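Welcome, and have the viewer ready. The exercises here go from the whole chain down to single side chains, so try each task before reading its solution.

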Amino acid sequence: MLGDRVGVPVSPFILGGRVSLLLKLKTAKSLDDVASLLGYQPQGLTYILYKIPDSAKYTTFTIAKRSGGLREIKAPIPHLKTLQRRLANLLNSCLVEIENAGERRRPISHGFVPSLSIITNASVHKGRRYVLNLDLEQFFPSINFGRVRGVLIRDKRFELDPKVATVVAQIACHENNLPQGSPCSPVLSNIVGRLLDIRLVRFARQHKCTYSRYVDDITFSTNRTAFPTELAVHQESGDWDLSQSLVSEIERAGFRVHARKTRMQVRGSRQLTTGLLVNEKVNVRPEYYRTTRSMCAALFNKGTYYEMKPAALAGGNAGDAAIKQFANSLDLLEGRLGYIYHVRDTVDRRESAEKKKNSTATRKLFHKFLFYKNFVALKKPLIITEGKTDSIYLRCAIRSLSSFHGKLTIDRGSKPRLSVSFLNFTSTVHDVLQLGGGTGDFKFLMLRYKQLLTEFKHAPLVHPVILLIDNDDGAKEIFGVAKQLGITDVSLTSKAAFYRICANLYLIKTPEGTDQNPKTCIEDLFDSFVRNTLLGGKSFDPDKKHNEDGKYGKAHFAEKVIRPQAADIDFSKFEMLLDRIVAVIEDYAPVSKDI
């Protein structure tokens, strides 16, 4: 973990010719210095810390735990949340510097670190004879103001001025402890928890065990013939009791063991660490996958699915049997599939190709779900552009052109809401659906679309899916595929408003140019003086792929020219393109949705 590895040196502090943030924090002497590091004026920081009443800084609410009982969440108000997020970013940057300056060590604490996860935590305990899990009680509430301040002063990685440590602790703490819900509680809990990690990793090594921590979940494992009694003792009742030595080590570090959550798992039985199987390789529980697969089958066949909700989350009493309920969105199922896919894909990437059967089945199921969600059960017409920037142009154009308000928007007063959606090119969509923008991905979607639809008994197809391409040389392969599918009248010079591929799938092009030069791209719809905007002395090049001197590409054009200046840009040349989108919607509306 960044900054949580044992024995990491603190220097040097000059990185790439600039003074490090860590050194700036270590040499800070006052509230004014802290304010500067966090991007605030001193009076702004003072107002948040000392003028806003403590009672008004947080909204407190409870959520039900899956295991029963309630968890209290303290959500900071927006001003404080922004301040805490900046503090978290500063501390995480400091931990990165400490990590990069020292010798690489095996991660010990895996929670709240971008490069680590429950998967990396579980991986260090796979294939062991014994796996011992224990939980810490009241993890965040047990870290009080004094501990936060004291650690920042004494920890040799930081050694902050006492005044600065006080300000940091005041930003982070509420009612004398780290609130669960604050953006900076995770990183500070790891800084405070490092002492616990140092003690327990040494204790584990003394007895030939492996130790790791994920937030409040601690795991020891070993392949010794008998589990060391210095850590836990097997009672005649079958239970395992933690040794007093281990409990004392934990309490000396300022934490307490949750007495009812100690679990010993031996080889031959199911071994779980942070909810993942670790018997042979890290994996999700098979019943979790089977349940998820069953939920998918119900969705694909009937359009609805049930979830078994813990009683505490469904209005019942903790300890009661789970309650069967209709799920009211696809989010739950997408989250379960994403979790399964992430675990299996991460693990299988490290395994040999012969062991990827589970990954293949998982990928197929996740692909089928994402296809259903994005193309079959749409809530709005969907536009898929060749790249991420095109959707920015279109959103701005729709909002700017009043003639399309009501056609492509829903009236919501001063801020009309779009009545069309755009495919979000997430890493998951790119990896699983194989759609990352570009005509190459469009070809395979067009070729497979009709066959993929036949896999769903429930296929409402209420709205159209619109592929939007530039009318240039890159589209020629798309035209070739369209002709294979029976669309013979599409070319660079054809001027139809749209081309229906099959079912609810349509193709539209950017408006054609002249008869002599019909090629166009979406950026051609902006006036030349907009396209000639200089950024830092650089000119716009839509074909820019690399960091050529004197040029900037589409991403900067969309984010730094079009989006911020949308109110002043003439989008009238987008009218013909938007007319084509409207034409698709009107064409599809009265048509039977038969596949």
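What follows is a set of exercises on this model, each with a worked solution.

**Ground rules**

This is a predicted model, in which local features need pLDDT of at least 70, side-chain atom pairs count only at pLDDT 80 or more, and totals for chains, interfaces and linings use all residues. Residues are numbered from 1 along each chain as its sequence is written, and side-chain values use heavy atoms, with hydrogens and water left out.

**Exercise 1. Describe the protein as a whole.**

Step 1: take the secondary structure. The protein has 19 helices and 23 strands; helices (H or I, at least four residues) and strands (E, at least two) are DSSP runs, numbered from the N terminus.

Step 2: look at burial. Of the 595 residues, 48% are buried. Here buried means under 20% relative accessible area, exposed over 50%, and partly exposed in between (1.4 Å probe, protein chains only).

Step 3: turn to the surface. About 28,800 Å² is exposed, and carbon and sulfur atoms supply 49% of it. Accessible areas come from the Shrake-Rupley method with a 1.4 Å probe; for residues, only the protein chains shown count as cover.

Step 4: check the contacts (heavy atoms within 4.5 Å). Among those between residues at least 6 apart in sequence, 69% join residues at least 24 apart.

**Exercise 2. Find the nonpolar cores.**

Step 1: recall the rule. A nonpolar core is a set of buried Ala, Val, Leu, Ile, Met, Phe, Trp, Tyr and Cys residues joined through side-chain atoms within 4.5 Å. In soluble globular proteins, nonpolar side chains tend to be buried together.

Step 2: pick out the largest core. It has 101 residues, and Phe371, Phe375, Ile384, Ile562, Phe571 and Phe574 have the most contacts inside it. Helix α12 (residues 357–376) gives the largest share of this core, 8 residues.

Step 3: add the second core. This separate set of 70 residues includes Ala28, Tyr130, Phe227 and Trp240.

Step 4: zoom in on Phe375. Setting aside residues up to four places away in sequence, its contacts include Leu382, Ile384, Leu433, Tyr449 and Asn504.

**Exercise 3. Which residues of helix α3 (residues 42–51) are buried?**

Step 1: list them. They are Leu45, Ile48 and Leu49.

Step 2: look down the axis of α3. The buried residues fall within an arc of 90°, so they line one face of the helix; the arc is that of the directions from the helix axis to the C-beta atoms.

Step 3: inspect the face turned away from the buried side. That face of α3 carries the exposed residues Gln43 and Lys51.

Step 4: identify the cover. The buried residues of α3 are covered by elements including α2 (31–37), α4 (78–101) and α7 (162–172).

**Exercise 4. Leucine 25: is it buried or exposed?**

Step 1: locate the residue. Leucine 25 is in helix α1, which spans residues 21–27.

Step 2: read its accessibility. With a relative accessible area of 3%, leucine 25 is buried.

Step 3: list its partners. Beyond four places in sequence, leucine 25 touches Leu37, Leu90, Leu91, Cys94, Phe158, Leu160 and Val164.

Step 4: compare chain and space. Leucine 25 and glutamate 159 are 134 residues apart along the chain, while their C-alpha atoms are separated by 9.4 Å.

Step 5: consider leucine 23, also placed in helix α1. Leucine 23 is partly exposed at 24%.

**Exercise 5. How many salt bridges does the structure hold?**

Step 1: give the total. There are 22 salt bridges, each a side-chain nitrogen of Lys or Arg within 4 Å of a carboxyl oxygen of Asp or Glu.

Step 2: examine one pair. Arginine 363 and aspartate 431 form a salt bridge with their closest N and O atoms 3.8 Å apart. Arginine 363 lies in helix α12 and aspartate 431 in helix α14 (residues 427–433), so the pair ties together parts that are 68 residues apart in sequence.

Step 3: examine another. Glutamate 287 meets arginine 285 at 3.6 Å, N to O, and a salt-bridge network links Arg270, Arg285 and Glu287.

Step 4: finish with lysine 476 and aspartate 473. Their side chains form a salt bridge at 3.3 Å, N to O; lysine 476 is partly exposed at 48%, and aspartate 473 is partly exposed at 40%.
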